Amino acid sequence: MEIHENLQIKDNGTSTEKYISWQAPPYHYITLNTDGSAIGNPDLAGYGWIFRDSLGHWITGYHGHSGFSDITKAEILGILQGLKIASERKFRNLICYTDSMYSIHLIKNEDISYHRDAPEIAEIRDLLAHDWRVDLRHTLREGNVCADLLVKRGARDTTSFRLLPDPPYDLQLHLLSDSRGVAFRRS
């Protein structure tokens, strides 16, 4: 397991303006973009994730409603559920992106015994210890747009888990932009 920050930043060199894009994984790898959201904090919450291949093609997506929760719980659930599905589907080479540095910190931290999300974090750690290659990486929101759109659906949905074998119509342009390397400005 490798955990590091990967911001995917293209700096134009003349100002603090940066351009962020989704990065395709190497050949033989799958990318998992995951996100969590709480409409208020705490309030109705959801999670979403998307699996794509090295060309940026949609493999599958999911979103879910996690009830009344806070943002941290929603982010952790997004990572956990995405890793569970990746394990079930036997994806052996995986890059998992989240825009939650705090979640990455919790997963890396050695003492979570008193954290309210300790059971979920421990389950993530167990999954990461399986016999597979998983890189847990941080990205900025602009590099996680598709997962962000799915999570908003999850927070509004009443279904706890919804499989999306095909990309929703409103996500298709974003998928195309990602696969073409379109960068988004972040000031």
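**Exercise 1.** Which residues of the largest nonpolar core touch the most other members? Work on the predicted model, then trace the core to its helices and strands.

*Solution.*
Step 1. The largest nonpolar core has 28 residues, and those touching the most other members are Leu32, Trp49, Phe51, Leu83, Leu94 and Ile124.
Step 2. At least two residues of this core come from each of the strands E4 (30-38), E5 (43-52), E7 (93-98) and E8 (133-138), and from each of the helices H1 (71-88), H2 (101-108) and H3 (118-128).
Step 3. The most is given by H1, with 7 residues.
Step 4. Another core, of 7 residues, lies apart from this one; Cys146, Leu150, Leu164 and Leu171 are among its residues.

**Exercise 2.** Describe how H1 and H3 cross, and state which residues make the contact.

*Solution.*
Step 1. Two packed helices are described by the angle and the distance between their axes.
Step 2. Here the axes of H1 and H3 come within 10 Å, crossing at roughly 30 degrees.
Step 3. Angles under 35 degrees count as roughly parallel, so H1 is roughly parallel to H3.
Step 4. The crossing of H1 and H3 is left-handed.
Step 5. H1 makes the contact with Lys73, Ile76, Leu77, Ile79, Leu80, Leu83, Lys84 and Ser87, and H3 with Glu120, Ile121, Glu123, Ile124, Leu127 and Leu128.
Step 6. By class, the residues of the contact of H1 with H3 are 9 nonpolar, 4 charged and 1 polar.

**Exercise 3.** Which residues of H3 are buried, and what do they pack against?

*Solution.*
Step 1. Ala118, Glu120, Ile121, Ile124, Leu127 and Leu128 are the buried residues of H3.
Step 2. The buried residues of H3 pack against helices H1 and H2 and strand E8.

Note on methods:
Residues are numbered from 1 along each chain as its sequence is written. This is a predicted model: local features need pLDDT of at least 70, side-chain atom pairs count only at pLDDT 80 or more; totals for chains, interfaces and linings use all residues. Side-chain values use heavy atoms; hydrogens and water are left out. A nonpolar core is a set of buried Ala, Val, Leu, Ile, Met, Phe, Trp, Tyr and Cys residues joined through side-chain atoms within 4.5 Å. Buried means under 20% relative accessible area, exposed over 50%, partly exposed in between (1.4 Å probe, protein chains only). Helices (H or I, at least four residues) and strands (E, at least two) are DSSP runs, numbered from the N terminus. Axes are lines fitted to C-alpha atoms, for helices over the stretch in contact, and angles run from 0 to 180 degrees between N-to-C directions. Angles under 35 degrees count as roughly parallel, over 145 as roughly antiparallel, 65 to 115 as roughly perpendicular and the rest as oblique. A crossing is left-handed if the near helix is turned anticlockwise from the far one by less than a right angle, and right-handed if clockwise. Contact means heavy atoms within 4.5 Å. Ala, Val, Leu, Ile, Met, Phe, Trp, Tyr, Cys and Pro count as nonpolar, Asp, Glu, Lys and Arg as charged, and the others, Gly among them, as polar.
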